[in-house]
Amino acid sequence: MTTYAHIVGWGKYIPEKVVTNHDLAKIMDTSDEWIKSRTGISERRFAGKDESTATMAIAAAQLALDRARITPSAVDLIIVATLCPEHVFPSTACLVQDAIGATHAGAYDLSAACAGFIYALSMGTAMIQSSMAKVVLVIGSETVSRVLDVQDRNTYPLFGDGAGAVVLQAHETPGGVLATVLGSDGSGAEHLCIPAGGSKLPASRETVDQRLHYIKMNGREVYRFATRVMGRAAKQACEKAGVALNEVDLFIPHQANIRIIESASKYLKISENKVFTNLNKYGNTSTASIPIALCEAIEAGRVHNKDKLVMVGFGGGLSWGAAVGQWGVPMPYKQHGWWYKSLRWMVYRWARVRSATIRLSRWLESLLPEENGADPYTTPVKEKHKE
Ligand code: ACO
């Protein structure tokens with residue numbers, strides 16, 4: 001029997017702090033007119049000091065699970081796609097696992113820059129189709145503002161922060177994610193990167209002085225690459241899914257630049273009213289842009305049961321990916337009652353208590369001596385040899 005991976009829950013988190021083009025014009029040599037005409041962006045959101053990639057991912061994930069009416073303990077796998085994780089390690093996905101109380105989930109981060117969400121969706125779908133998982137939480141979360149150089153007007157105005165999440169669930173009903181296409185071209189790696197902070201250039205006084213921990217981008221090269229791959233990848237994914245381009249109900253592209261989106265839509269011959277954009281409000285939120293756009297499309301009543309959706313992303317790597325799906329959740333979505341929300345609130349409070357209890361018991365265990373004599377962690381190695 002064929003198993004299908006359906007999106008059954010969706011959630012987003014958008015930081016409150018709005019930074020307009022006019023705000024930027026006060027701190028760098030740019031203008032609202034330049035940014036809007038070249039990119040389509042009017043404003044973006046920047047995370048506040050208490051917000052980070054993990055906190056935003058957690059909020060989006062909780063909302064997605066609530067909408068799916070799935071308890072955190074039923075999640076088998078959490079994938080967080082991000083280019084600015086909470087730490088180099090542990091993974092942001094593990095922090096999400098603990099915070100939501102996904103007690104039976106595996107968790108890992110996925111690095112594919114702005115194409116990350118499509119990659120993660122593809123991995124989650126494969127896990128479900130191969131029966132290795134029944135419920136997968138796929139998250140795109142970014143605090144790009146933390147790796148933007150305020151002295152670089154070529155990149156600073158383009159990006160924003162936010163998170164989006166979807167819940168994939170195994171179903172027998174045909175539909176859900178029908179096909180994905182992934183691609184990469186590492187020969188263009190230097191056109192979009194954060195040069196330092198990895199094993200090649202670990203953090204040092206020099207790397208900080210040279211501002212190498214910020215995003216560097218060759219805008220023209222990335223623009224050329226994006227206009228080349230975006231339409232093509234979407235077309236390939238449609239062919240793989242057996243969906244004709246004129247059957248597509250909604251096109252949800254990565255929200256990087258309105259001119260790139262228009263060029264891809266033109267290539268695909270998809271009319272403007274079938275293209276969802278929100279980059280004027282949020283800028284490029286990297287791997288969070290597609291799940292945030294999907295959530296907003298649903299909220300705006302643009303997604304209906306059985307609709308055929310195409311999502312396509314591109315970014316650093318260089319990498320790209322496209323996904324074609326058929327929506328399987330009855331719409332419009334019925335909101336939960338207050339009692340359900342209260343119950344969920346308690347579930348997440350309990351997850352916090354659970355996490356604190358585990359930490360406490362781990363600490364207490366570390367105080368106990370070993371059952372059969374000396375504690376190996378406190379007994380010096382030499383002494384043990386003498387015995
Ligand atoms: N304000 C004013 N002038 C600016 C600004 C700014 N913010 N930024 C650059 N300029 C100047 C440049 O210095 C240049 O001046 P010069 O001619 O004197 O050297 C001039 O504007 C024109 O620059 P262009 O590169 O020709 O501008 P273009 O029309 O290509 O637009 C842009 C630049 C918007 C960056 C475009 O190239 C683009 O969108 N590229 C793709 C970027 C993208 O999508 N990146 C995200 C990838 S996703 C990920 O993985 C993170």
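Which residues touch the most other members in the largest nonpolar core? They are Ala-61, Ala-64, Ile-78, Ile-79, Val-96, Ile-139 and Val-310, out of 118 residues in that core. A nonpolar core here is a set of buried Ala, Val, Leu, Ile, Met, Phe, Trp, Tyr and Cys residues joined through C-beta atoms within 7 Å. "Buried" has a cut-off too: 20 or more other C-beta atoms within 10 Å of the residue's own, with C-beta atoms placed from the backbone.

Before going on, note that this is a predicted model: local features need pLDDT of at least 70, side-chain atom pairs count only at pLDDT 80 or more, and totals for chains, interfaces and linings use all residues. Residues are numbered from 1 along each chain as its sequence is written.

**The whole protein**

You'll find 12 helices and 13 strands in the protein; these are DSSP runs (helices H or I, at least four residues; strands E, at least two), numbered from the N terminus. Its radius of gyration is 22 Å, which agrees with the value near 21 Å for a compact globule of 387 residues. That radius is taken over C-alpha atoms, and the globule rule is 2.2 Å times the number of residues to the power 0.38. Buried residues make up 47% of the 387.

Back in the core, Ala-61 touches Gly-11, Val-96, Ile-100, Leu-137, Ile-139 and Ala-165, leaving aside residues up to four places away in sequence. Touching, or contact, needs C-beta atoms within 7 Å. Among contacts between residues at least 6 apart in sequence, 79% join residues at least 24 apart.

**Around the ligand**

The ligand has 23 residues around it, and Thr-30, Cys-114, Gly-219, Ala-256 and Gly-315 come nearest. To count as near, a residue needs its C-beta atom within 6 Å. Helices α2 (32-39) and α7 (219-241) are the elements giving two or more residues to this shell, and α7 has the largest share, 5 residues.

**Two domains**

The bounds below come from an automatic or database domain assignment.

| Domain | Residues | Residues in the contact |
|---|---|---|
| domain 1 | 4-326 | 8 residues |
| domain 2 | 338-386 | 7 residues |

The C-alpha centres of the two domains lie 35 Å apart. On the side of domain 1 that touches domain 2, α3 (53-68) and α4 (92-100) each supply at least two residues. The largest share of that side, 3 residues, comes from α4.

Methods. A residue is buried if 20 or more other C-beta atoms lie within 10 Å of its own, exposed if 12 or fewer, and partly exposed in between; C-beta atoms are placed from the backbone. Two residues are in contact if their C-beta atoms, placed from the backbone, lie within 7 Å.
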